[in-house]
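Trainee: I would like to learn how to read a model of this kind, starting from a single residue and working up to the whole chain. Could we go through it together?

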Amino acid sequence: AAASPAGSQLGELRLRGVSRAYGSYTALHPLDLTIRGGEFVALLGPSGCGKTTALNCLAGLLPLTAGEIVLDGRRVDTVPPEKRGFGMVFQNYALFPHLTVRGNVAFGLKMRGVGRAETTRRVDEVLRLVRLTEQAHKHPGQLSGGQQQRVAIARAIVMEPPLVLMDEPLSNLDAALRLEMRSEIRRIHQEFGLTTVYVTHDQEEALSLADRLVVLEAGRVSQIGTPAELYEHPADPHVAAFMGYRNLLALDVVSVRGSRAVVQRRGLRLTGTLVGGGPVAEGREATVAIRPEDVRVAGPGEQPIAEAVAQIVEYHGRALHVEAVTGDGDRIHLRADGGIRPGDALAVTVDADRALLFPSPGTGPGP
Ligand code: ATP
């Protein structure tokens, strides 16, 4: 439940076959997505995958090539952006430099003709929410990057928009501030009961913020799901890579038994779990996806999947991140507790249910 009287006015936003082409180039293939009121949805994907195109279509900044956008049963894709009333927080949040924080946040309400008392009440409430009450009299030039970003958020949500659109809002901030603002955005989202669509190429940001993620690749949806669904059951190697499966290896299927298969190539041999029920069969090639945190140095009596020599050892808080190379040149990312130096020979292992097997592209009929 929203702590604020504003809250989200949105029941449901439906995108049906929304697509966008630039000339003959299709930047966004037909996208179907239903966003529920109060939901936080992240559009995630590498540069050029069509995230901003999708967001701009939602905002009305870009006409659709095909499809429709329906807000609580009402078509909005032909409605101009200012009439949609969506809040927007973009990378370059262009605050008015000559107005105070309060003036910046109140600006939209004044434009809309909201009365003085009502404006003061709403601005006070939003400033409190983004923790800028003390800074209300300052000008943007006197604020830190994170404070400026919070003004931009306050300015958007004070209008009580049915939907807030954010495009890489944290990309101009340094690492520490990005982390801090990430939890701020989440908190504000929850307290205000906002419905949010958030564009990012940062998988950690998307995983930590969103209720659901839409992973895009070359203008198409690879997968839509909760962070846990995508993390545990990535639909393809591309999503897996995005979810932190840094080990993607092409191996040959030796045998298949139920949902398990043994794969090997050169000095690597392991058992993995088949995902997606694809055509992984004996004699075919499979892509194995394993997270570095699921690869470790084999204990005494454990069967290693490979022998490899540590090349790069990085300290990551409690664990070491190790990059090791097998005799055949395969690169393996793993975690270790300590005591490993570059040049050390390692016998590495992975639990069978932690390695995912995908049919390699072009090895089967596909979906
Ligand atoms: P980034 O993270 O780099 O912003 P993105 O995922 O947001 O990338 P988009 O900006 O949506 O990607 O662009 C998707 C594709 O459409 C890209 O290949 C891009 O080159 C192309 N594109 C974007 N705008 C135009 C345009 N006005 N004219 C032609 N092609 C465009």
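Trainee: Why does Gly-103 count as partly exposed?

Mentor: The general idea is a neighbour count: a residue is buried if 20 or more other C-beta atoms lie within 10 Å of its own, exposed if 12 or fewer, and partly exposed in between, with C-beta atoms placed from the backbone. Gly-103 has 17 C-beta neighbours inside 10 Å and therefore counts as partly exposed. Gly-103 lies in helix 3 (residues 101–111), where helices (H or I, at least four residues) and strands (E, at least two) are DSSP runs numbered from the N terminus. The C-alpha atoms of Gly-103 and His-137 are separated by 8.5 Å, although these residues are 34 apart along the chain.

Trainee: What should I keep in mind about the origin of the model and its numbering?

Mentor: This is a predicted model, in which local features need pLDDT of at least 70 and side-chain atom pairs count only at pLDDT 80 or more, while totals for chains, interfaces and linings use all residues. Residues are numbered from 1 along each chain as its sequence is written.

Trainee: How many helices and strands does the protein have, and what share of its residues count as buried?

Mentor: The protein has 9 helices and 20 strands, and 40% of its 367 residues count as buried. Its C-alpha trace spans about 75 × 45 × 40 Å along the principal axes.

Trainee: Into which domains is the protein divided?

Mentor: Domain bounds come from an automatic or database domain assignment, and here they give domain 1 (12–237) and domain 2 (245–359). The centres of the two domains, taken over C-alpha atoms, are separated by 38 Å. Their contact takes 5 residues from domain 1 and 7 residues from domain 2, where two residues are in contact if their C-beta atoms, placed from the backbone, lie within 7 Å.

Trainee: Where does the largest nonpolar core lie with respect to these domains?

Mentor: A nonpolar core is a set of buried Ala, Val, Leu, Ile, Met, Phe, Trp, Tyr and Cys residues joined through C-beta atoms within 7 Å. The largest one has 100 residues, and Ala-154 and Val-348 are those with the most contacts inside it. Helix 5 (residues 145–157) gives the most to this core, with 6 residues. Domain 1 and domain 2 both give residues to this core, so it lies between them. Leaving aside neighbours within four places in sequence, Ala-154 is in contact with Val-105, Val-126, Leu-127, Val-130 and Leu-132.

Trainee: Why is strand 3 described as largely enclosed by the rest of the structure?

Mentor: In a regular strand the side chains alternate between the two faces of the sheet, so each face is examined in turn. In strand 3 (residues 40–44), 5 of the 5 residues are buried, so this strand is largely enclosed by the rest of the structure. On one side Phe-40, Ala-42 and Leu-44 are buried, and on the other Val-41 and Leu-43 are buried, which leaves both faces covered.

Trainee: Which strands does strand 3 pair with?

Mentor: Two strands pair if DSSP finds at least two bridges between them. Strand 3 pairs in the parallel sense with strand 8 (residues 196–200) over 5 bridges, and Phe-40 stands opposite Thr-196 there. A further 4 bridges join strand 3 to strand 9 (residues 212–217), again running parallel, with Val-41 opposite Arg-212.

Trainee: How does strand 11 run with respect to its partners, parallel or antiparallel?

Mentor: Strand 11 (residues 247–257) runs antiparallel to strand 14 (residues 285–290), with 6 bridges between them, and Leu-251 has Ala-286 as its bridge partner. Strand 11 is also joined to strand 12 (residues 260–265) by 5 bridges in an antiparallel arrangement, where Val-253 is partnered by Val-263. Strand 11 and strand 12 form a hairpin with 2 residues between them, and Gly-258 in the turn has a positive phi of about 60°.

Trainee: Finally, which residues surround the ligand?

Mentor: A residue is taken as near a molecule if its C-beta atom, placed from the backbone, lies within 6 Å of it. The residues around the ligand include Tyr-22, Gly-45, Lys-51, Thr-52 and His-201. Strand 2 (25–36) and helix 1 (51–59) are the elements that give two or more residues to this shell, and helix 1 provides the largest share, 3 residues.
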